[in-house]
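The following exercises concern salt bridges and surface exposure. Please consult the sequence and the structure while working through each solution.

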Amino acid sequence: MKRTTIWMIAILMGIFFLALLYMQTAYLNDAIKLRKLEIETSVGRTLAVVGRQLELAEAQHSLESTLSKAERDSSDAAVYAKINDLATPFETLNNTTHPQMTKGFVVRNSESLRIATQRTRDELKKQLEHQKDLLNEVAYNILAESSKRPLKERIDFDQLDRNLKQELQDNGIKIPYHFTVTTADGTEIYRCTDYSDEGTEDTYTQKIFPNDPPARIGYINVHFPEMSAYIYRSARFLIPVIAFTLVLLMIFIYTIYTIFRQKRLTEMKNDFINNMTHEFKTPISSISLAAQMLNDPLVAKNETMFRHLAKVINDETNRLRFQVEKILQLSMFSRNDGSYKQTDLDTHQLVNDVVDTFRLKVESMQGSLETNLHAERTMIHADKTHITNVLFNLLDNAVKYKDAERQLDLKIATRNKGDKIVITVSDNGIGIPDTDLKKIFDRFYRVHTGNRHDVKGFGLGLSYVKTVIDYHKGTIYTESEVGVGTKFIITLPTIKTE
């Protein structure tokens, strides 16, 4: 599958997932808003009922107090007389049903009776309306006297708390609440015993005695500390859906990442096969050509030519064997099956041996190889062969990637850092781009040099170096700048010496 096709599928799926997440979160947000609106409506209805209950309770209390006082101040006869006075209109009404009992009227026929009855009813109606106005005035005076009392004397706060709790439960709100009562100027006259300032942003206010003068109006303020949690709990059924969608999105992203990684690995393996074919093709061609020449009778008679061809065959065969062993060795390391024979080694001695062997190759290219060995603790417990191969690989890479316009300049330095020794191999080659620095230790990965075959290899050298250093509990990292050079820094643990 082409990379562009994979990217198109990934982008489309990503858009669909994001759209799904957006719709789910929008629905969750709408559900939370709707639930909050329902609760606000229920709380508003509750507070309105509680406020009305306070007004009714005060009116009832005031009337009962007035009647009790009147009963104490009045004699039984006076009360009886009041009752007779109130009953008189009704007796009059009853008496009007018999024309012969109505004073001042002479009833001669049914029409006169009807007129007399209507007049009596009109007079009774006027009398009742007058008494109603008197009662309203009395009630008004009683309530007006009550409204003059301080607000805290007009409210039974325990009853208010009970009414609040009952009305909230009746409206389906079963969460903790706290409340205060304040005057019109904001002075707090009551606070519930378990009051907490937590969650005061969810506060609802209702007027108390709204028909009183503005200066005497009170306010009840109720807030719910767990309101937000309660609302989110009511919509929590959507949270698993969003979580599952996020998990699916993460799985999809990981799948796309794996596809690209496998594709990159496939491309690197293809490059490895191409490089391996090229690496094997040259020695095989040399061996084949030398073998054909050996079949020539004239060559067989020329001892010098015979020895030369035999050496070519031997050298190219060794070259092939080295490449095959290198591949097999990496295969063993990938299964953690590499063989190590660790002994106590002097790092400086090891470096000097490598430098002595490699110096001739560098000098043949008109280059220089310099050492700056300043470490004091140099003993390590390591496999001599593999550590030697590590240094050879790094030096060989420096030669391969040298800058054709500059003289090759290699440096190996050592120093101590705590209980470790730091080995630095630096060059003035072409450098490594930043995009490749994190990948150079990957198997089969090779820094691209265009369609040139002057830089040969399988992309296994640095992977082998990293494997060996990791086995010895060390570290390796790279600093490089294109056009300036590259530096490999190796850190290995040292051992104490007597």
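**Exercise 1.** Is Glu-38 buried, partly exposed or exposed?

*Solution.* The model is a predicted one. Step one is to take the relative accessibility of Glu-38, which is 37%. Step two is to apply the cut-offs: under 20% is buried and over 50% is exposed, with partly exposed in between. Glu-38 therefore counts as partly exposed.

**Exercise 2.** Identify the salt bridge between Arg-35 and Glu-38 and relate it to the helix that holds both residues.

*Solution.* Begin with the contact: the side chains of Arg-35 and Glu-38 meet in a salt bridge, with 3.2 Å from N to O. The criterion requires a side-chain nitrogen of Lys or Arg within 4 Å of a carboxyl oxygen of Asp or Glu. Next, locate the pair: both residues lie in helix H1, which covers residues 3-73. Because they are 3 residues apart in this helix, about one helical turn separates them. Finally, consider exposure: Arg-35 has a relative accessible area of 23% and is partly exposed.

**Exercise 3.** How many residues apart are Lys-400 and Asp-396 in helix H11?

*Solution.* Helix H11 spans residues 384-400, and within it Lys-400 and Asp-396 are 4 residues apart, so that about one helical turn lies between them. Their side chains form a salt bridge with an N to O distance of 3.7 Å. As for exposure, Lys-400 is partly exposed at 32% relative accessible area, and Asp-396 is also partly exposed, at 23%.

**Exercise 4.** Describe the salt bridge between Asp-470 and Lys-466 in terms of distance, spacing and exposure.

*Solution.* First, the distance: the N to O value for this salt bridge is 2.8 Å. Second, the spacing: the two residues belong to helix H13 (residues 461-471), where 4 residues, or about one helical turn, separate them. Third, the exposure: Asp-470 is partly exposed, with a relative accessible area of 38%, and Lys-466 is partly exposed as well, with 27%. To place this pair in context, a search of the whole structure finds 5 salt bridges.

**Exercise 5.** Which residues form a nonpolar patch on the surface with about 700 Å² of accessible area together?

*Solution.* The patch consists of Trp-7, Ile-9, Ile-11, Leu-12, Met-13, Ile-15 and Phe-16. Take Phe-16 as one of its members. This residue is found in helix H1. Its relative accessible area is 53%, and the cut-off for exposed is over 50%; Phe-16 is therefore exposed.

Technical notes. Residues numbered from 1 in each chain as written. Predicted model: local features only at pLDDT ≥ 70, side-chain atom pairs only at ≥ 80, totals over all residues. Heavy atoms only, no water. Buried < 20%, exposed > 50% of the residue type's maximum accessible area, 1.4 Å probe, protein only. Patch = residues over 30% accessible without salt bridge, like charges linked within 9 Å, V, L, I, M, F, W, Y side chains within 5 Å. Areas by Shrake-Rupley, 256 points an atom, 1.4 Å probe, with all protein chains shown as cover.
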